[in-house]
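This briefing covers one protein chain and its ligand. The sequence and the structure come first, followed by notes grouped by topic.

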Amino acid sequence: MALIAARNLTIGFAGQPLLEQVNLDIRRGEILALLGPNGSGKTSLLRTLIGALPPSSGCISRQSGLVTGYVPQRLHIDETLPMTVNRFLQLPNRHPREKLQQALDQAGAPALGARQLSTLSGGQFQRVLLARAILEKPDLLLLDEASQGLDYAGIRQFYRQLEQIQQALDCAIVIVSHDLNLVMQSATRVACLSGTIVCQGSPDTVAGMAEYQSLFGLDSPSGHPATAGVYPIHPNCREA
Ligand SMILES: Nc1ncnc2c1ncn2[C@@H]1O[C@H](COP(=O)(O)OP(=O)(O)OP(=O)(O)O)[C@@H](O)[C@H]1O
């Protein structure tokens, strides 16, 4: 059974649809890369999946008791605020020190607990956000451009860390990213957005699709992308 099943979602703002007819299942054990050009609605879809943004229409079924972890695209912290990483990880809920350390270890940031947030590099801060997102051992971990600010080697290492987390927690991971080649090495499935899900499948399959190549300018434009990945209505689906 899918952890989350989205059916016929329309997502938009001020009456203007951004994404339509979105059908997506997310299953335990997979690493799904959500790709698309700037402004194609990747963040909006993630926010809809976690329940932070209501869809204009359609429905989302979530497995009962589903625990989600979310690494947002931006999190502004006032640099003048004195706060250690361990303290930050305790907001809003307190956790035993061992649990904080385990999350930092899994996020590849074992030595950062006592550091002041304001002294962290961009890459270190991303790892702290990852640690925070896995504290509650989520069934579903969603990351919105969490590798931003990392260099090539840093991104590779970050994705390897995610693969280890996926195995350790036996969770599903959804990654929004612009690092096409790197994310496709770690992903087990890829879905590309442009008004809807224009193509999805295994990384190898999607890399060979005209819709993918056209979306990212990897070949000459091949006309209007076709819609793929249409699912039957989920039996547990209620209209949102
Ligand atoms: N709360 C909102 N109110 C109005 N418009 C919004 C809101 N959130 C997002 N949008 C608009 O929806 C569009 C898609 O934004 P979104 O951030 O989901 O895209 P994205 O694919 O994640 O973009 P990027 O790759 O640049 O991060 C943009 O035009 C954005 O301005």
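The notes below deal with the annotated domain, the ligand shell, a group of strands, one helix and several single residues.

The model is predicted. An unreviewed UniProt entry lists residues 4-219 under "domain: ABC transporter". Over residues 4-219, 33% of the chain is helix and 26% is strand. The C-alpha atoms at the two ends of residues 4-219 are 34 Å apart.

**Ligand shell**

- The ligand is surrounded by Phe13, Leu18, Gly36, Asn38, Gly39, Ser40, Gly41, Lys42, Thr43 and Ser44.
- Helix 1, residues 42-49, gives the largest share of this shell, with three residues.
- Sorted by class, the shell holds seven polar residues, two nonpolar residues and one charged residue.

**Strands 3, 8 and 9**

- Strand 8 covers residues 189-193 and pairs with strand 9 in the antiparallel sense, over four bridges.
- Two of the facing positions can be named: Val190 stands opposite Gly201 of strand 9, and Ala191 has Gln200 of strand 9 as its bridge partner.
- The two strands, 8 and 9, form a hairpin with three residues between them. Gly195, in the turn, has a positive phi of about 85°.
- Strand 3, residues 31-35, is joined to strand 8 by four bridges, and these two strands run parallel. Leu32 stands opposite Arg189 in strand 8.
- Strand 8 is mostly covered, with five of its five residues buried. Arg189, Ala191 and Leu193 are buried on one side, and Val190 and Cys192 are buried on the other, so both faces are covered.
- Strand 9 spans residues 197-201; four of its five residues are buried, so the strand is largely enclosed by the rest of the structure.

**Helix 4**

- Helix 4 runs over residues 122-134 and has 13 residues. From its first C-alpha to its last it reaches 19 Å, close to the 18 Å expected at 1.5 Å a residue.
- Ten of the 13 residues of helix 4 are buried, so the helix is largely enclosed by the rest of the structure.
- The buried residues of helix 4 are Phe125, Gln126, Arg127, Val128, Leu129, Leu130, Ala131, Arg132, Ala133 and Ile134.
- What covers these buried residues includes two strands, strand 5 (68-71) and strand 6 (140-144). The cover also includes helix 2 (85-89), helix 3 (97-106) and helix 5 (152-169).

**Gln166 and Ala210**

- Gln166 is placed in helix 5. Gln166 is partly exposed because 19 other C-beta atoms lie within 10 Å, where a buried residue needs 20 or more.
- Apart from neighbours within four places in sequence, Gln166 is in contact with Ile31, Cys171 and Ile173.
- Gln166 and Pro138 are 28 residues apart in sequence, while their C-alpha atoms are 9.9 Å apart in space.
- Ala210 lies in helix 8, residues 210-215. With 16 other C-beta atoms within 10 Å, Ala210 is partly exposed.
- Between Ala210 and Cys199 the C-alpha to C-alpha distance is 9.1 Å, and the two are eleven residues apart in sequence.

**Backbone geometry**

- Which peptide bond is cis, with omega near 0°? The bond from Leu91 to Pro92 is. Pro92 lies in the loop between helix 2 and helix 3.
- Asn8 has a phi near 50°, which is a positive value in a residue other than glycine. Asn8 is found in strand 1, residues 4-13. Asn8 counts as partly exposed, with 19 C-beta neighbours inside 10 Å.
- Gln21 also has a positive phi near 50° and is likewise not a glycine. Gln21 lies in strand 2, residues 16-26. Gln21 counts as partly exposed, with 16 C-beta neighbours inside 10 Å.

Technical notes:
Residues numbered from 1 in each chain as written. Predicted model: local features only at pLDDT ≥ 70, side-chain atom pairs only at ≥ 80, totals over all residues. Near = placed C-beta within 6 Å. Nonpolar A, V, L, I, M, F, W, Y, C, P; charged D, E, K, R; others polar. Buried ≥ 20, exposed ≤ 12 C-beta atoms within 10 Å, placed from the backbone. Pairing = 2+ DSSP bridges. UniProt positions renumbered as here; feature names shortened; annotations may be inferred. Expected span 1.5 Å × (residues − 1). Contact = placed C-beta atoms within 7 Å.
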